[in-house]
Amino acid sequence: RLPPQHINIPFYPVPATLMKKSNRSLYVRATVTDRTGTALMRRIEIPTLLCEVPESVVNLKGFVVAGQVFWHADTKWHISRCLMCFKQNTALEMQLCDGSKTVHEDVDEVFIAPSHVVRSIRDGISEGDLKSQLTKDAGNLPLIQNSGHVLDSFIDYKKKDEVKDDIDNLAKEIKSHKDLNAKLSERISALETKLALKEVELKEYSKKRCLENHTNESVKRARVHA
């Protein structure tokens, strides 16, 4: 008998074409919008979360996808395997599948890592059969023993991503200061030019006054001698 993780249900790795080019990693930031799930899932007593993801990140509309979800609470990162039903590319319903694990109540942001497509949601499964189908779907979840390694990889990604963000912010700040310095340099240069012109004007005025004074003195001396 095969262990549950290896139930012989075909699954398909998430194709690269379904992870859009604008997504720079396999981790997708998602916002929790509802913790009560849809009416259908409440009727069959399966707790779910409703989440939204940014546009132009995934192209998984119409699929049930297996993967992992990560969230930060109580000063540490948590992980759970999950099934995600993408009714839209920007909206999904998520079922956590590792026992009693739940996303903490005060957590509004999670990260998802789609692993592989389990089936199409257009397979025509009735409400009465949905609960048993989800049990079968859970047989294709990533292996539970890999969760520790996956969580470590995600934490490394987050640390690297935070360093990248710091670098981007520092680069923006440096550019801002350089732009400001460039404007200040232009202003200083303009003021220096203006100052130099004023100094020339002052010298010309001084020469003119000196010449006028000399002329006046010559006229006075000529009158005295006359």
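# A walk through the predicted fold

Asp-179 and Lys-175 both belong to helix 3 (residues 147-225), and because they are four residues apart in that helix, about one helical turn separates them. An α-helix has 3.6 residues a turn, so residues three or four places apart point the same way. The two side chains form a salt bridge, with 3.0 Å between the closest N and O atoms, and Asp-179 is partly exposed, at a relative accessible area of 35%. This pair, like everything described below, is read from a predicted model.

Taken as a whole, the protein has three helices and seven strands, and along the sequence these elements follow the pattern β-β-α-β-β-β-β-β-α-α. Of its 226 residues, 33% are buried. Among contacts with a separation of 6 or more, 70% are made by residues 24 or more positions apart.

Before going into detail, it is worth considering where the prediction is confident. The mean pLDDT of the protein is 84, and 85% of the residues reach 70 or more. Confidence is highest in strand 3, at a mean of 96, and lowest in strand 1 (residues 12-13), at a mean of 51. Over residues 1-12 the pLDDT stays under 50, and the model gives this stretch 19 contacts beyond four places in sequence. Residues 19-24 are also below 50, with 20 contacts beyond near neighbours in sequence. Where pLDDT is low, the predicted coordinates should not be read in detail.

Strand 2 is a convenient place to enter the strand pairing. Strand 2 and strand 7 run antiparallel and are joined by four bridges; within this pairing, Ala-30 has Val-110 of strand 7 as its bridge partner. Strand 2 also runs antiparallel to strand 3 (residues 49-52), to which three bridges join it, and here Val-32 stands opposite Cys-51.

From the strands we can turn to helix 2 (residues 127-138). The 12 residues of helix 2 should span 16 Å at 1.5 Å a residue, and the C-alpha atoms at its ends are 17 Å apart, which agrees with that expectation. Which residues of this helix are buried? They are Leu-130, Gln-133, Leu-134 and Asp-137, and, viewed down the helix axis, the buried residues fall within an arc of 105 degrees, so they line one face of the helix. The face turned away from that buried side carries the exposed residues Gly-128 and Thr-135. On the buried side, the residues of helix 2 pack against helix 1, strand 4 (63-73), strand 5 (76-88), strand 6 and strand 7.

Asp-137, on the buried side of helix 2, also takes part in a charged pairing. Its side chain meets that of Arg-119 in a salt bridge, with an N to O distance of 2.8 Å. Arg-119 lies in strand 7, 18 residues away, and the pair thereby links distant parts of the chain. Both Asp-137 and Arg-119 are buried.

How many salt bridges does a search of the whole structure find? There are eight. Side chains of opposite charge can pair when their charged atoms come close. One further example is the salt bridge in which the side chains of Glu-105 and Arg-35 meet, at 3.9 Å from N to O; a salt bridge requires the nitrogen to be within 4 Å of the carboxyl oxygen, and that cut-off admits this pair. Glu-105 sits in the loop between strand 6 (91-96) and strand 7 (109-120), whereas Arg-35 sits in the loop between strand 2 (28-34) and helix 1 (39-43), so the pair ties together parts that are 70 residues apart in sequence. Glu-105 is exposed, with a relative accessible area of 63%, while Arg-35, at 25%, is partly exposed.

Two other loop residues deserve a look at the backbone. Most residues other than glycine have a negative phi, and most peptide bonds are trans. Glu-45, in the loop between helix 1 and strand 3, has a positive phi, near 60 degrees, without being a glycine. Glu-45 counts as exposed, because its relative accessibility is 65%. Thr-75, in the loop between strand 4 and strand 5, likewise has a positive phi, of about 65 degrees, although it is not a glycine. With a relative accessibility of 76%, Thr-75 also counts as exposed.

Methods:
Residues are numbered from 1 along each chain as its sequence is written. This is a predicted model: local features need pLDDT of at least 70, side-chain atom pairs count only at pLDDT 80 or more; totals for chains, interfaces and linings use all residues. Side-chain values use heavy atoms; hydrogens and water are left out. Buried means under 20% relative accessible area, exposed over 50%, partly exposed in between (1.4 Å probe, protein chains only). Two strands pair if DSSP finds at least two bridges between them. The expected span of a helix is 1.5 Å times one less than its number of residues. The arc is that of the directions from the helix axis to the C-beta atoms. Contact means heavy atoms within 4.5 Å. pLDDT is the predictor's confidence in each residue, from 0 to 100.
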